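Trainee: I'm new to this structure and would love a close look at one part of it. Could you walk me through the surroundings of the ligand?

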Amino acid sequence: MKVLVTGGAGYIGSHVVRQLGEAGHDIIVFDNLSTGYAWAVTHGELVVGDLADEDAIDALFRDHQFEAVLHFAAHIVVPESVANPLKYYRNNTRNTLNLLAAIERYQVPHLVFSSTAAVYGMPEQTVLTEDLPLAPINPYGASKMMSERMIMDLAAASSLRYVILRYFNVAGADLDGRLGQATPEATHLIKVACECVTGARDGMSIFGTDYDTRDGTCVRDYIHVEDLARAHVMALDHMAAGGESDVLNCGYGRGFTVREVIDVVRQQAGCDFPVAESPRRAGDPGALMADNQRIRRVLGWSPRHDDLEVIVRTALDWERQWQRKQADGATHSTNH
Ligand code: UFG
């Protein structure tokens, strides 16, 4: 299939591009390289551009007859979205509208959209099904919820079919060490802990130790990026085979506390690092896990790397390599 991947130079997008390339798809990546990297695009062609630029989008769709769009490009930092909400509505919601306008204009039949568990907000249940009412508690979640709604409305009014994937906590890296999370100033737990191991960070905090969970810290459903990436390829296959539009949670349906995650990082690294206990971070629900029955049923997806040690080990291997790469880059540039 001829596919457009927005944000394909980023962490999750680049893993998906690699799997799409290996599955034989013909890929154009459109990315503004704000948090992504050209080296992360292992297959297809990279077009550097921004989804705010409607002319650039139009030219892209005019030049290529896309059969599907996979839309990853977005800002993803929850606290930043609280401090700077319009940045999120602009880049996530308005730019999705720009993309949808081109999808409509050029009658692209299939869309896979990266959504998030943040659309559920702070539900009473800890295991979440897709039919729960959406009640995001931060602009990031709201910006994604609004995008979901636009996609559904456009699909109702046209022949567009979509698969919306609601990601839980994505972590880990390519098992062969080629790709990983290189996002600058990352805030995600496993990434932060791995940066402590490599020395890129002096230490970290646990945000909140008074939650109603087994050790007082938040429980999250960590899913390996390769399993998540495979769900995208399967979503395309599903639509190509005539499958219906759907909204699917992406998670394993089990959770680990922050302390448990940090312990596994220490264990896998074979070293310790300073961990302070801090007050709760605004907007963190106590426990979130995916009910994944639907994605199993609809796509036939099932986890292959549901093992926190594998998630952490691949993240750690990547982090060490990434720090070396950056150090080499720094040495290299000072030599010129
Ligand atoms: N945490 C720490 N210290 C850190 C970083 C994180 O204690 O330095 C804790 C957080 O407070 C939270 C847990 O680790 O309890 C996980 O935090 P992350 O920042 O890794 O991930 P979130 O659960 O906040 O965010 C994820 C996705 C978002 C999505 C959200 C839905 O990354 O895209 O789940 O709740 F919006």
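Mentor: Happy to; here is a walk from the ligand's surroundings to a helix beside it and then into the core. Keep in mind that this is a predicted model.

Let's start at the ligand itself. A shell of 22 residues surrounds the ligand, and the closest are A118, H188, L189, F207 and C218. Three elements give two or more residues to this shell: α5 (139-156), α6 (189-198) and β9 (204-207). Of the elements, β9 gives the most, with 4 residues. By character, the shell holds 13 nonpolar, 6 polar and 3 charged residues. Domain 1 (2-172 + 222-250) and domain 2 (189-220 + 253-330) both contribute to the shell, so the ligand lies between them.

Now follow α6. This helix is largely enclosed by the rest of the structure, because 7 of its 10 residues are buried. Those buried residues are L189, I190, K191, A193, C194, C196 and V197. After α6 comes G199, which has a positive phi, near 90 degrees.

I190 also leads us to the core. Together with L165 and C250, I190 has the most contacts inside the largest nonpolar core, a set of 98 residues. Helix α7 (residues 225-240) supplies the largest share of this core, 8 residues, and each of the two domains provides at least three. In soluble globular proteins, nonpolar side chains tend to be buried together. For a last stop, try C250: beyond its neighbours within four places in sequence, its contacts include L165, F168, I223, L228 and A290.

Technical notes
Residues are numbered from 1 along each chain as its sequence is written. This is a predicted model: local features need pLDDT of at least 70, side-chain atom pairs count only at pLDDT 80 or more; totals for chains, interfaces and linings use all residues. A nonpolar core is a set of buried Ala, Val, Leu, Ile, Met, Phe, Trp, Tyr and Cys residues joined through C-beta atoms within 7 Å. A residue is buried if 20 or more other C-beta atoms lie within 10 Å of its own, exposed if 12 or fewer, and partly exposed in between; C-beta atoms are placed from the backbone. Domain bounds come from an automatic or database domain assignment. Two residues are in contact if their C-beta atoms, placed from the backbone, lie within 7 Å. A residue is near a molecule or strand if its C-beta atom, placed from the backbone, lies within 6 Å of it. Ala, Val, Leu, Ile, Met, Phe, Trp, Tyr, Cys and Pro count as nonpolar, Asp, Glu, Lys and Arg as charged, and the others, Gly among them, as polar.
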